[in-house]
Amino acid sequence: MTLDVTSDEPYDATHPSGTSLADIIDIYAYSAKEMIDSGYDYKSVCKKGDAMKYGKKLDMSLTQFNEEYRKLIADNIKLKFKTAPDVTSTHRFTVTYRDEDGRVLTATAAPVTLQGKGAE
């Protein structure tokens, strides 16, 4: 599966409107891949005993996430921008999900105003 995020407004000089923002976003989620690869040896995957419930906690760039094959097992995916936009502006972000079977789902968030790098 892959996730991508775009904005209807320019984010910065290298991310005009409609382009992928994956390289400036980190993802926080739980993955089943490490648990499956370990033969379900939860002690080798996580220090917590609840690894069977949640899987391996991921904390990586969205670009790296998309380059690796992942199956997520929790619905609490968090995306965090690494940097602020160049200027204070209002964005409508669209998240696109693509799975290994070719299904594509998209959702567009309500407008949100983000402070630019130079804003106080």
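Asp26 forms a salt bridge with Lys82, and the closest N and O atoms of this pair are 3.6 Å apart. The bridge joins distant parts of the chain, since Asp26 sits in strand β2 whereas Lys82 belongs to the loop between β4 and β5, and the two are 56 residues apart. Asp26 counts as buried because its relative accessible area is 18%, a value under the 20% that sets the limit for buried residues. Lys82, at 45% relative accessibility, counts as partly exposed. The structure described here is a predicted model, and this pair offers a way into its architecture.

## The chain as a whole

The protein chain has four helices and eight strands, and along the sequence these follow one another in the pattern β-β-α-α-α-β-α-β-β-β-β-β. Of the 120 residues in the protein chain, 29% are buried. Among the contacts with a separation of 6 or more, 62% are accounted for by residues 24 or more positions apart. The protein chain exposes about 7,500 Å², and carbon and sulfur atoms supply 52% of that area.

## Salt bridges

Side chains of opposite charge can pair when their charged atoms come close. The structure holds four salt bridges, and the table sets out three pairs, including the one described at the start.

| Acidic residue | Basic residue | Closest N and O atoms |
|---|---|---|
| Asp26 | Lys82 | 3.6 Å |
| Asp86 | Lys117 | 3.4 Å |
| Asp101 | Arg103 | 3.2 Å |

The pair of Asp86 and Lys117 also links distant parts of the chain, with Asp86 in the loop between β4 and β5 and Lys117 in the segment after β8 (112-114), 31 residues apart. Asp86 counts as partly exposed because its relative accessibility is 34%, and Lys117 is likewise partly exposed, with a relative accessible area of 48%. Asp101, the partner of Arg103, counts as exposed at 56% relative accessibility. Asp101 and Arg103 also belong, together with Asp99, to a network of salt bridges.

## The nonpolar core and a surface patch

Turning from charged to nonpolar residues, the largest nonpolar core has 15 residues, and those with the most contacts inside it are Leu3, Val5, Leu21, Ile25, Ile27, Leu62 and Phe65. Strands β1 (2-7), β2 (25-31) and β3 (56-61), together with helix α4 (62-67), each supply at least two residues of this core. The largest share, three residues, comes from β2.

Ile25 is one of the residues with the most contacts inside the core. With residues up to four places away in sequence not counted, Ile25 touches Val5, Met60, Ser61, Leu62, Leu79, Lys80, Phe81 and Lys82. That list includes Lys82, the salt-bridge partner of Asp26, and also Leu79, which lies in strand β4 (residues 78-81).

Leu79 counts as partly exposed, because its relative accessibility is 36%. Together with Ile77 and Val95, Leu79 makes a nonpolar surface patch of about 190 Å².

## A buried histidine and an exposed glycine

His91 is found in strand β5 (residues 89-91), and this residue is buried, with a relative accessible area of 0%. The side chain of His91 makes a polar contact of 2.6 Å with the side chain of Ser7, and another, of 2.8 Å, with the side chain of Ser89. When neighbours within four places in sequence are left aside, His91 is in contact with Ser7, Asp8, Glu9, Pro10, Tyr11, Pro85, Ala110, Pro111, Val112 and Leu114.

Ser7 also appears among the contacts of Gly18, which touches Thr6 and Ser7 when residues up to four places away in sequence are not counted. Gly18 is found in the loop between β1 and β2, and at 52% relative accessibility this glycine counts as exposed, because the limit for that class is over 50%. Although Gly18 and Phe93 are 75 residues apart along the chain, their C-alpha atoms are separated by 9.3 Å.

Technical notes. Residues are numbered from 1 along each chain as its sequence is written. This is a predicted model: local features need pLDDT of at least 70, side-chain atom pairs count only at pLDDT 80 or more; totals for chains, interfaces and linings use all residues. Side-chain values use heavy atoms; hydrogens and water are left out. Patches are made of residues with over 30% relative accessible area and no salt bridge: like charges are joined within 9 Å, nonpolar side chains (Val, Leu, Ile, Met, Phe, Trp, Tyr) within 5 Å. Accessible areas come from the Shrake-Rupley method with a 1.4 Å probe; for residues, only the protein chains shown count as cover. A salt bridge is a side-chain nitrogen of Lys or Arg within 4 Å of a carboxyl oxygen of Asp or Glu. Buried means under 20% relative accessible area, exposed over 50%, partly exposed in between (1.4 Å probe, protein chains only). A nonpolar core is a set of buried Ala, Val, Leu, Ile, Met, Phe, Trp, Tyr and Cys residues joined through side-chain atoms within 4.5 Å. Contact means heavy atoms within 4.5 Å. A polar contact is a pair of N or O atoms within 3.5 Å; within protein, one must be able to donate a hydrogen and the other to accept it, and residues adjacent in sequence count only if both atoms are side-chain atoms.
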